[in-house]
Amino acid sequence: MKNVYIIFSFTGTYFSRFLYFMSGEKYIHVSIAFDESLKEVYSFGRKNPRWMFPCGFVMEDMKLISSFFKNAIFKMYELPLTKQEYKDLRKEVKKYQDKKNKYHYNVKGLVHIQFHKVYHREHHFVCSQFIAKLLSDTNIHKFDKDYSIVRPKDIAKIPNLKLIHEGKILDYIKEIENEKNT
């Protein structure tokens with residue numbers, strides 16, 4: 001068995017507060033990590049944490065994010081996978097990495113998610129669409145709805161998710177660095 005980590009976060013930016021207001025969901029951003037130390041985290045979001053645009057497929061730098069958004073909070077869940085599922089997931093993420101400049105943030109998709117309207121736009125995703133499509137395309141988890149209307153709260157309901165940490169991202173990053181230095 002191998003583990004991946006599903007990260008739900010809230011940074012407190014104007015945009016995240018707007019999404020919270022619209023959805024009522026506290027954790028409005030979701031990412032996937034291949035390591036517990038958060039060195040390899042993928043999602044759709046800001047390419048530079050400082051600026052809202054441009055957005056698209058990103059390898060998130062959690063240390064940098066926590067330095068800009070000191071009060072950002074997150075929940076980290078562990079998801080056990082078979083070796084084959086893990087290999088397939090890595091291969092699928094690599095496809096996005098190889099063509100990262102083709103992918104963009106699906107602003108129009110946010111409206112459709114809000115109204116539960118299926119909407120596919122080639123090479124465009126929001127974070128939850130990306131994670132749902134990844135998990136579905138690799139047969140790790142099939143949702144009971146189209147990936148284009150999956151919200152973070154739907155991803156949180158995946159069986160076998162095990163909460164392993166909750167709190168400020170900054171505190172977690174410091175904790176990891178302290179462990180590394182001892």
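Which residues does Ile 32 touch, not counting residues up to four places away in sequence? Select Ile 32 in this predicted model and display its surroundings: the contacts are Val 4, Tyr 5, Ile 6, Glu 40, Val 41, Tyr 42, Leu 89, Ile 131, Leu 134 and Leu 135.

**The nonpolar cores**

Ile 32 is, with Phe 130 and Ile 155, among the residues with the most contacts inside the largest nonpolar core, a set of 41 residues. To see what builds this core, colour the elements that each give two or more residues to it: strands β1 (2-10), β2 (29-33), β3 (41-46), β4 (55-60) and β5 (73-81), together with helices α3 (83-98), α4 (107-114) and α5 (127-137). Helix α5 supplies the largest share, six residues. Next, select Ile 7, Met 76, Ile 169 and Tyr 172; these belong to another core, of 15 residues, which lies apart from the largest one.

**Aromatic rings**

The whole structure holds 18 aromatic pairs. Begin with Phe 8 and Tyr 77, whose rings meet edge-to-face, 5.6 Å centre to centre and with 90° between the planes. This pair links distant parts of the chain, since Phe 8 is in strand β1 and Tyr 77 in strand β5, 69 residues apart. Both Phe 8 and Tyr 77 are buried.

Move then to Phe 34 and Tyr 42, another edge-to-face pair, with 6.1 Å between centres and 70° between planes. Phe 34 and Tyr 42 are likewise buried. Extending the selection to Phe 44, Phe 57, Tyr 86, Tyr 96, Tyr 103, Phe 125, Phe 130 and Tyr 147 completes one aromatic cluster with Phe 34 and Tyr 42.

Two rings of this cluster also have a lysine over them. Lys 2 lies over the face of Tyr 86, 4.7 Å from the ring centre, and the charged end of Lys 133 sits over the ring of Tyr 147, 5.2 Å from its centre.

**Salt bridges**

There are seven salt bridges, and three are visited here. In helix α3, select Glu 92 and Lys 95, three residues apart, about one turn of the helix; their side chains form a salt bridge at 3.3 Å, N to O. Glu 92 counts as buried because its relative accessibility is 13%, whereas Lys 95 is partly exposed at 47%.

Also in helix α3, Asp 98 and Lys 94 are four residues apart and so are separated by about one helical turn. Their salt bridge spans 2.7 Å, N to O. Asp 98 is exposed at 52%, and Lys 94 partly exposed at 43%.

Finish at Lys 145 and Asp 154, where the N to O distance of the salt bridge is 3.0 Å. Lys 145 is partly exposed, at 28%, while Asp 154 is buried, at 12%.

Technical notes
Residues are numbered from 1 along each chain as its sequence is written. This is a predicted model: local features need pLDDT of at least 70, side-chain atom pairs count only at pLDDT 80 or more; totals for chains, interfaces and linings use all residues. Side-chain values use heavy atoms; hydrogens and water are left out. A nonpolar core is a set of buried Ala, Val, Leu, Ile, Met, Phe, Trp, Tyr and Cys residues joined through side-chain atoms within 4.5 Å. Buried means under 20% relative accessible area, exposed over 50%, partly exposed in between (1.4 Å probe, protein chains only). Contact means heavy atoms within 4.5 Å. Rings of Phe, Tyr and Trp (its six-membered ring) pair if their centres lie within 6.5 Å; planes under 30 degrees apart count as stacked, over 60 as edge-to-face and the rest as tilted. A charge sits over a ring if NZ of Lys or CZ of Arg is within 6 Å of the ring centre and within 35 degrees of the ring normal. A salt bridge is a side-chain nitrogen of Lys or Arg within 4 Å of a carboxyl oxygen of Asp or Glu.
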